[in-house]
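Please open the model in a viewer and follow the stops below in order. Each stop names what to select and then states what is found there.

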Amino acid sequence: MYNDLINGKAKLAVIGLGYVGLPIALEFAKKISVIGFDINEERVKMMKKGIDPSNELVAEDFMGTDILFTHKVEDLRKAKFFIVAVPTPVDVHKVPDLTPVLSASRSIGKVLKKGDYVVYESTVYPGCTEEDCLPILEELSGLKLGKDFKIGYSPERINPGDKEHTLAKIKKVVSGSDKESAEVIAKVYEIVVQAGVYKAQSIKVAEAAKIIENTQRDLNIALMNELSKIFDKMNINTWDVLDAAGTKWNFLKFTPGLVGGHCIGVDPYYLTYKAIGLGYKPEVILSGRRINDSMGEYVAKNVVQRLIKKGKVIGKSKVLVMGATFKENVSDIRNSKVADVIEELKSYSINVEVTDAYADSDELKHEYGFGLVKKIGKGYDAVIVAVGHKEYQNFDEKYFKSILPKDGIVVDLKGMYRGKIKNLEYWSL
């Protein structure tokens with residue numbers, strides 16, 4: 001397989017060309033022949049023009065690559081090594097939505113041939129690849145695992161907006177349905193991963209490794225969020241506490257904040273869903289999720305209480321929210337918890353205006369029911385800086401005074417202006 005890919009006798013296909021799939025496809029396409037498949041025809045048209053719909057990559061990243069972008073399943077017949085990188089969200093009830101990964105499995109099952117490899121990168125619960133996806137591959141192809149084709153799992157580790165920890169620079173965990181497939185899959189990924197690969201003992205181990213990476217972060221952030229609530233009642237600044245505690249060599253410096261996005265705020269639910277199905281109800285993980293999911297409401301209520309203390313008529317108050325994406329310096333709005341803050345503020349009939357340096361207004365309107373103002377106004381009763389975009393980091397008190405009254409409130413969820421706001425009321429997590 002490796003030799004055929006290197007020598008151009010076989011093609012590699014990447015199914016799902018979002019934040020994860022497109023960088024993988026282009027990285028491989030610098031070395032071997034690639035088919036990039038996405039069901040969204042409009043996105044495919046953009047990529048054919050060298051445009052990344054996710055706004056993560058630039059035109060130069062498409063240059064010097066051997067890649068066919070397509071939305072046609074039939075084009076996948078030319079591939080022998082398949083990588084599945086579709087999203088795996090949760091629904092409104094926090095139940096894993098496997099629709100994209102199962103749909104991708106159906107597409108591959110229709111074109112699967114003897115000798116082919118299928119590797120899943122999408123985040124799933126341990127067992128999903130072999131228990132949910134494999135049966136679809138076998139049923140639609142009429143082939144049998146081991147005898148006719150091989151499968152594997154290699155968790156994605158791409159961090160949107162991070163130009164330092166890129167695909168090539170992060171060690172890749174790989175696994176296969178048997179020892180031979182693990183070796184082959186490792187060798188294929190070594191074509192593009194300079195940092196090397198780690199062969200997990202099994203597919204389930206690799207799936208579990210991915211799920212706990214983000215579950216661990218989620219729990220640590222939940223702890224910080226709970227501490228911030230406690231310290232707020234003590235009139236202690238959480239960021240000051242973290243600075244002091246961080247002087248110890250083994251202190252893990254996590255920070256409080258809104259936990260959204262398509263990884264940290266989602267992945268733990270895949271693990272808890274599987275655990276509950278096996279008869280075990282997780283306590284610590286779900287507790288952490290409850291804390292983090294409640295932070296948008298907590299922030300909004302805190303703002304409302306501060307406005308009331310200043311004698312503001314809540315129904316006539318005007319609040320500016322700066323930042324709507326799930327994290328700084330990206331355009332991704334998926335599972336943004338800023339939307340929770342805005343929704344809660346609006347439930348009090350507060351006039352909320354939103355601005356963002358990266359997000360698309362129409363996309364926000366479609367996803368959450370609010371858009372962006374074209375120009376930041378004046379006379380806001382409070383400003384909530386919800387996302388630490390680099391465009392916001394150098395704001396000073398003079399700037400905030402220009403858009404707030406003398407009794408205005410600056411809410412700094414990222415702790416960026418600590419020590420800079422002297423005369424206006426200041427609050428941070």
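Begin with Asp293 and Lys94, whose side chains meet in a salt bridge with an N to O distance of 4.0 Å. This pair joins distant parts of the chain, since Asp293 belongs to helix H10 (residues 284–293) while Lys94 sits in the loop between strand E4 (79–84) and helix H4 (99–109), 199 residues apart. The model on display is a predicted one. Colour the two residues by accessibility: Asp293 is partly exposed, at a relative accessible area of 21%, and Lys94 is likewise partly exposed, at 31%.

Now extend the selection. Which residues are linked with Lys94 and Asp293 in a network of salt bridges? Add Asp218, Arg289, Lys337 and Asp340 to the two residues already shown, and the network is complete. Side chains of opposite charge can pair when their charged atoms come close. Over the whole model, the count of salt bridges is 29.

**Two further salt bridges**

Select Asp116 and Lys113. Their side chains form a salt bridge at 3.1 Å, N to O. Is Asp116 buried or exposed? Asp116 counts as buried, because its relative accessibility is 0%, and a residue is buried when under 20% of its area is accessible. Its partner Lys113 counts as partly exposed, at 27% relative accessibility.

Next, select Glu180 and Lys150, where the side chains meet in a salt bridge of 3.1 Å, N to O. This is another link between distant parts of the chain: Glu180 lies in helix H6 (residues 179–189) and Lys150 in strand E6 (residues 150–153), 30 residues apart. Lys150 is buried, with a relative accessible area of 12%.

**The start of helix H12**

Move to Val338, which is placed in helix H12 (residues 338–347). Val338 is buried, with a relative accessible area of 2%. Keep Val338 on display and add Met295. How far apart are Val338 and Met295 in sequence and in space? The two are separated by 43 residues along the sequence, while their C-alpha atoms are 9.5 Å apart.

**Two asparagines with positive phi**

Select Asn329, in the loop between strand E9 (318–322) and H12. Asn329 has a positive phi of about 60°, although it is not a glycine. At 27% relative accessibility, Asn329 counts as partly exposed.

Then select Asn55, which is found in the loop between helix H3 (41–48) and strand E3 (67–70). Asn55 also has a positive phi of about 60° without being a glycine. Asn55 is exposed, with a relative accessible area of 55%.

**The second largest pocket**

Turn on a surface and select Asn159, Arg217, Ile264, Phe326 and Lys327. These residues lie nearest the centre of the second largest pocket, which is lined by 40 residues. The volume of this pocket is about 1,100 Å³. Which element gives the largest share of its lining? Helix H7 does, with five residues. Colouring the lining by class shows 17 nonpolar, twelve polar and eleven charged residues.

**A nonpolar patch and helix H7**

Keep the surface and select Ile230, Met234 and Ile236. Together they make a nonpolar surface patch of about 260 Å². Ile230 lies in helix H7 (residues 203–233), the helix that also contributes five residues to the lining of the second largest pocket. Ile230 is partly exposed, with a relative accessible area of 38%; it can therefore belong to the patch, for which over 30% relative accessible area is required.

**The cavity**

For the last stop, hide the surface and look inside the model. How many cavities of 30 Å³ or more are counted? The count is one, and this cavity holds about 50 Å³ of space. Select Ile24, Glu121, Glu156, Arg157, Ile158, Thr166, Leu167, Ile170 and Lys172 to show its lining. By class, the lining divides into four nonpolar residues, one polar residue and four charged residues.

Definitions and conventions: Residues are numbered from 1 along each chain as its sequence is written. This is a predicted model: local features need pLDDT of at least 70, side-chain atom pairs count only at pLDDT 80 or more; totals for chains, interfaces and linings use all residues. Side-chain values use heavy atoms; hydrogens and water are left out. Patches are made of residues with over 30% relative accessible area and no salt bridge: like charges are joined within 9 Å, nonpolar side chains (Val, Leu, Ile, Met, Phe, Trp, Tyr) within 5 Å. Accessible areas come from the Shrake-Rupley method with a 1.4 Å probe; for residues, only the protein chains shown count as cover. Helices (H or I, at least four residues) and strands (E, at least two) are DSSP runs, numbered from the N terminus. Buried means under 20% relative accessible area, exposed over 50%, partly exposed in between (1.4 Å probe, protein chains only). On a 1 Å grid over the protein atoms alone, a cavity is a set of points where a 1.4 Å probe fits but cannot get out, and a pocket is an open set with protein on both sides within 12 Å along at least five of seven lines; lining residues have an atom within 4 Å of a point. Grid points are joined across faces, edges and corners, and a volume is the space filled by probe spheres set on the points. Ala, Val, Leu, Ile, Met, Phe, Trp, Tyr, Cys and Pro count as nonpolar, Asp, Glu, Lys and Arg as charged, and the others, Gly among them, as polar.
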